[in-house]
Amino acid sequence: MGRIVKFSPVFIITLSFCFISACSTFEDVTFDQQASNQLKDLAQTSIDVSNEPQAIALSELLAIDEANALIASAMANNPSLQQTLLTLKTAEQQLTVTSSSQWPSISAGLNANKAEASTANYSANVDVAWTLDIWQQLANASSAEQANVAASAYAYQSAKDLLAANVMQAYLGLVQTSQLIAIESARVSAYQTNEQVIIDRYRKGLIELNELDTAKSSTQSSQATLVDYQAQYQQALRNIVLLTGVTENSLSYREVYPEVMMPLDKVSAQNLGRRPDLQQAYQNIIANQYQHKVAYKALLPSLSLTGSITNSDANLHDALFGSNAWQLLGQLSAPIFNAGKLTSEVEIAKFSAEKSYWNFQEKLLSAVNEVDNAVAQEQAISKRLVLTESALASAKRSEQTYTSRYRQGTVSLIDLLQIQQQTFSLQAQVTQLTYELLNNRITLGLALGLGV
């Protein structure tokens with residue numbers, strides 16, 4: 001049985017005053033528009049990349065089977081990435097939880113009571129509760145969760161991209177270390193050959209034995225460097241195992257550098273809108289703006305309806321399907337006094353939205369700076385590499401000349417060791433600069449928002 005509820009004029013006036021006061025305190029924020037404008041101004045693109053041309057994948061910069069296999073293994077086995085994926089799945093489930101509050105909740109119950117020397121009595125009930133979303137507060141909360149899900153999806157994509165870049169760079173690091181070991185091993189071998197030549201010449205009475213100490217010093221110094229490179233190699237192996245879960249025994253890699261294409265050759269325009277960290281920061285702004293609306297609408301009156309259908313009977317069938325009594329109640333409530341709690345929560349939500357905007361701004365400036373630095377590094381390293389390769393070619397020609405003259409006795413051992421030292425050092429520099437160049441191209445691809 002229902003009953004019509006009448007509200008007194010004083011109650012209605014009080015609710016109206018609360019509603020007007022709440023409206024007067026609300027100031028909508030549009031930081032998402034500011035963020036979109038900033039992205040257009042600084043990166044010549046918009047936050048909406050749905051119509052942008054498809055960029056190449058990050059892994060295509062280093063398109064070799066060995067690296068692709070390591071990346072695939074990392075995507076399946078990396079613990080940090082799997083935790084990020086679970087965070088995304090949790091956010092998706094939280095969206096369902098939040099969205100469900102917009103719908104009525106229905107519950108049913110059945111009770112059976114029986115006392116001694118009496119028949120059993122059954123009672124059945126169905127209860128319905130529904131909070132009417134008259135101010136779209138629940139819809140705003142759901143929209144905030146949708147933005148959180150999108151932000152989590154971009155965070156997962158960012159984690160995948162970073163992991164792929166780390167694997168590719170670790171692979172190049174392994175190639176670099178193996179080459180440095182080969183160069184240093186050749187240096188040790190050359191120095192040991194010099195020692196033998198010195199001993200032979202001493203036996204022939206051509207030189208003093210003190211030159212042997214100089215040769216041994218160079219050999220031992222090079223052997224120490226070789227030990228350091230070997231330790232770096234083992235560390236590089238452990239790093240790849242940590243990233244990918246691939247055991248050292250099953251690890252396959254090349255001992256020469258693979259080709260790494262220049263990202264700017266494949267990306268027609270600098271489009272930072274592809275970067276998932278920027279997209280994530282943008283979605284955080286949207287989520288916080290909706291939370292600001294939710295906090296404000298907590299100041300407004302709320303209306304909820306509850307209904308129930310009950311029946312009690314000694315017969316179970318009649319208790320379930322017999323004539324039922326029903327009741328429908330409506331409740332209208334509004335905050336009157338809370339010592340400024342709700343108003344402060346509105347301000348806190350506003351500050352959070354503004355903070356998320358400045359976080360976006362920080363990431364955007366960092367993104368532009370990363371691209372500029374990587375492009376500048378590409379140019380600088382390329383020039384250094386060309387000059388070093390030219391110097392290496394000259395050093396090799398000089399080494400051949402000095403080796404021949406030393407055997408003829410026209411130059412000293414010190415002169416020969418210096419030119420050999422220069423040659424091996426330049427070989428190592430070429431290897432290191434090549435690694436820096438290829439490594440920087442992967443960094444540039446990541447900065448441009450190329451993903452997996």
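Here are legends for a set of close-up views of this predicted model.

**Figure 1. The whole chain, for orientation.**
The protein has 10 helices and four strands. Reading from the N terminus, the elements go α-α-α-α-β-β-α-α-α-β-α-β-α-α. Of the 452 residues, 41% are buried. Take the contacts with a separation of 6 or more, and 84% of them come from residues 24 or more positions apart.

**Figure 2. Asp-161, a buried acid without a salt bridge.**
Asp-161 sits in helix H5, which covers residues 137-203. It's buried but has no salt bridge, and the nearest side chain of opposite charge, Lys-160, is 6.6 Å away. That misses the salt-bridge cut-off, because the nitrogen has to be within 4 Å of a carboxyl oxygen. So what does Asp-161 touch, leaving out residues up to four places away in sequence? The list is Leu-58, Pro-276, Leu-446, Leu-450, Gly-451 and Val-452.

**Figure 3. Glu-184 and Arg-187, a salt bridge within helix H5.**
Here the two side chains do pair up, at 2.9 Å from N to O. Glu-184 and Arg-187 are three residues apart in H5, so about one helical turn separates them. Are these partners buried or exposed? Glu-184 counts as buried because its relative accessibility is just 2%, and Arg-187, at 6%, counts as buried too.

**Figure 4. Ser-189, also in helix H5.**
Ser-189 belongs to H5 as well. With a relative accessibility of 39%, this serine counts as partly exposed. Thr-219 is 30 residues apart from Ser-189 along the chain, yet their C-alpha atoms are separated by 8.4 Å.

**Figure 5. Arg-275, Asp-277 and Glu-370, a salt-bridge network.**
The structure holds seven salt bridges, and these three residues are linked in a network of them. Between Arg-275 and Asp-277, the closest N and O atoms are 2.8 Å apart. Both of those residues are buried.

**Figure 6. Helix H7 against helix H9.**
H7 (residues 276-297) packs on H9 (residues 341-408) at an angle of about 170 degrees, and the axes lie 8 Å apart. That angle is why H7 is described as roughly antiparallel to H9. Sorted by class, their contact has 13 nonpolar, eight polar and four charged residues.

**Figure 7. Lys-341 and Glu-345, a salt bridge in helix H9.**
These side chains meet at 2.9 Å, N to O. Both lie in H9, four residues apart, or about one turn of the helix. Lys-341 has a relative accessible area of 47%, so it's partly exposed. Glu-345 is partly exposed too, at 32%.

Terms used
Residues are numbered from 1 along each chain as its sequence is written. This is a predicted model: local features need pLDDT of at least 70, side-chain atom pairs count only at pLDDT 80 or more; totals for chains, interfaces and linings use all residues. Side-chain values use heavy atoms; hydrogens and water are left out. Helices (H or I, at least four residues) and strands (E, at least two) are DSSP runs, numbered from the N terminus. Buried means under 20% relative accessible area, exposed over 50%, partly exposed in between (1.4 Å probe, protein chains only). Lys and Arg count as positive and Asp and Glu as negative; His and the chain ends are not counted. Contact means heavy atoms within 4.5 Å. Axes are lines fitted to C-alpha atoms, for helices over the stretch in contact, and angles run from 0 to 180 degrees between N-to-C directions. Angles under 35 degrees count as roughly parallel, over 145 as roughly antiparallel, 65 to 115 as roughly perpendicular and the rest as oblique. Ala, Val, Leu, Ile, Met, Phe, Trp, Tyr, Cys and Pro count as nonpolar, Asp, Glu, Lys and Arg as charged, and the others, Gly among them, as polar.
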